[in-house]
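Subject: Structure handover

Hello,

Please find the structure below, followed by notes on what came out of it. Tell me if anything in the notes is unclear.

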Protein chains: 2
Amino acid sequence: MESQPNEATKHRLGDLQLAIMRVLWHHGEAAVADVYEALREERGLAPTTVATMLVKMEKKGVVSHRTEGRKFIYRPQVSESAVRRSMVSEIKDRLFQGNTTAFVSHLLAEHDLDATELQRLKAAIAEKEGR
Amino acid sequence: MESQPNEATKHRLGDLQLAIMRVLWHHGEAAVADVYEALREERGLAPTTVATMLVKMEKKGVVSHRTEGRKFIYRPQVSESAVRRSMVSEIKDRLFQGNTTAFVSHLLAEHDLDATELQRLKAAIAEKEGR
DNA sequence: GCGATAGTACTACCTTGGTAGTTCAAGAGT
DNA sequence: ACTCTTGAACTACCAAGGTAGTACTATCGC
């Protein structure tokens, strides 16, 4: 067993790490060059930067790779939803003392939503109440 | 003018920084020893750790201090709501591509809320629609 | 007046994320 | 067979957050 770092910390992803994960989540798996290509426009990084980051991420346990010819094909080891859940929870704890309602209220009050979206949310709440 | 770091980055607070800010927000202002005392239980840090962090935070522009006798009294230079807004926005952008509705839906779906809280949220939405 | 104490200043170290150059080897094309 | 290219390995840096020891000094209690 390769003693991966702490389970709890596993979902703490930096900005670039998240961007890379997004590519992997969408592609299922991808070679370094693919990830590099996917991020080229928005970030313009050196290919080695992507490669290095991937190595660090593998050490951390959030991705894994297999070899195909002489290239590395990476795939996610944590799901997008797990990452979302835990990053949101963390912010919720840090900023709202874990209070989900306070968090939602904040979003309603301070982050713009148009009428249509409010409608959608009402529906979502109603549905949740339903069960 | 002491050339404080970038306005945009100003609201990116680390864990300890946030904890310290919380103390300052609640107290209005506080000496190092007070902050230390307030965090002693939950964190058990050395007093110097708190002091050092405060210095870094002042350099960054998120707090300021005045002298009283030979102690430093610190006070916040950014409001809790500003920090909340910008940290939440950041997460929203990073995890939900800036989509507030998606963010709220996620909270509703994945982070527990009891019936009373749902009720309260419905009210909040209704009120927001009202105007 | 003087020693103990409380407080800040300075320095140092570690970790993580981010960025990238340089080196080396495998393989593709001619 | 030999060169060009493509990929990974290794190494190096930097910044920021976090943590704390040590040094120095103003002041307080006696």
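In this predicted model, a polar side-chain atom of B:Thr52 lies 2.6 Å from a base nitrogen of DNA strand D. That pair falls under polar contacts, taken here as N or O atoms within 3.5 Å; within protein, one atom must be able to donate a hydrogen and the other to accept it, and residues adjacent in sequence count only if both atoms are side-chain atoms. Two phosphate contacts go with strand D: a polar side-chain atom of B:Lys60 is 3.0 Å from a phosphate oxygen, and a polar backbone atom of B:Ala46 is 3.1 Å from a phosphate oxygen. The elements giving two or more residues to the surface near DNA strand D are β3 (71-76) of chain A and, from chain B, α1 (15-27) and α3 (47-60). Helices (H or I, at least four residues) and strands (E, at least two) are DSSP runs, numbered from the N terminus. The most comes from α3(B), with six residues.

Around DNA strand D there are 19 residues, and A:Arg70, A:Phe72, B:Asp15, B:Thr52 and B:Lys56 come nearest. Near means that a heavy atom of the residue lies within 4 Å of the strand. Of the strand D atoms that come within 4 Å of the protein, sugar and phosphate account for 60%. By class, this surface has six nonpolar, six polar and seven charged residues. Ala, Val, Leu, Ile, Met, Phe, Trp, Tyr, Cys and Pro count as nonpolar, Asp, Glu, Lys and Arg as charged, and the others, Gly among them, as polar.

On the sources: residues are numbered from 1 along each chain as its sequence is written, while chains are lettered from A and ligands numbered from 1 in the order in which they are written. Local features need pLDDT of at least 70, side-chain atom pairs count only at pLDDT 80 or more, totals for chains, interfaces and linings use all residues, and side-chain values use heavy atoms, with hydrogens and water left out.

DNA strand C is also surrounded by 19 residues, the closest being A:Asp15, A:Thr52, A:Lys56, B:Arg70 and B:Phe72. Phosphate oxygens of strand C lie 2.7 Å from a polar backbone atom of B:Phe72, 2.9 Å from a backbone N or O atom of A:Leu16 and 3.1 Å from a polar side-chain atom of A:Thr49. Here α3(A) has the largest share of the surface, six residues.

Next, the protein interface. In chain A, 40 residues are in contact (heavy atoms within 4.5 Å) with 39 residues of chain B. The area buried between the two chains is about 4,100 Å², of which carbon and sulfur atoms give 66%; buried area is the accessible area (1.4 Å probe) lost on putting the two parts together, summed over both. In chain A, the residues that lose the most are A:Arg94, A:Leu95 and A:Ile125, together 16% of what that side buries.

Six salt bridges are counted between chain A and chain B, each a side-chain nitrogen of Lys or Arg within 4 Å of a carboxyl oxygen of Asp or Glu. One of them joins A:Arg94 and B:Asp15 (2.4 Å, N to O).

Finally, chain A can be laid on chain B with an RMSD of 0.1 Å by a turn of 179° and a shift of 0.1 Å along the axis, which is the relation of a two-fold axis. The superposition is by least squares on the C-alpha atoms of residues with pLDDT of at least 70 in both copies. The same surface serves both: 98% of the contact residues of chain A recur in chain B.

Regards
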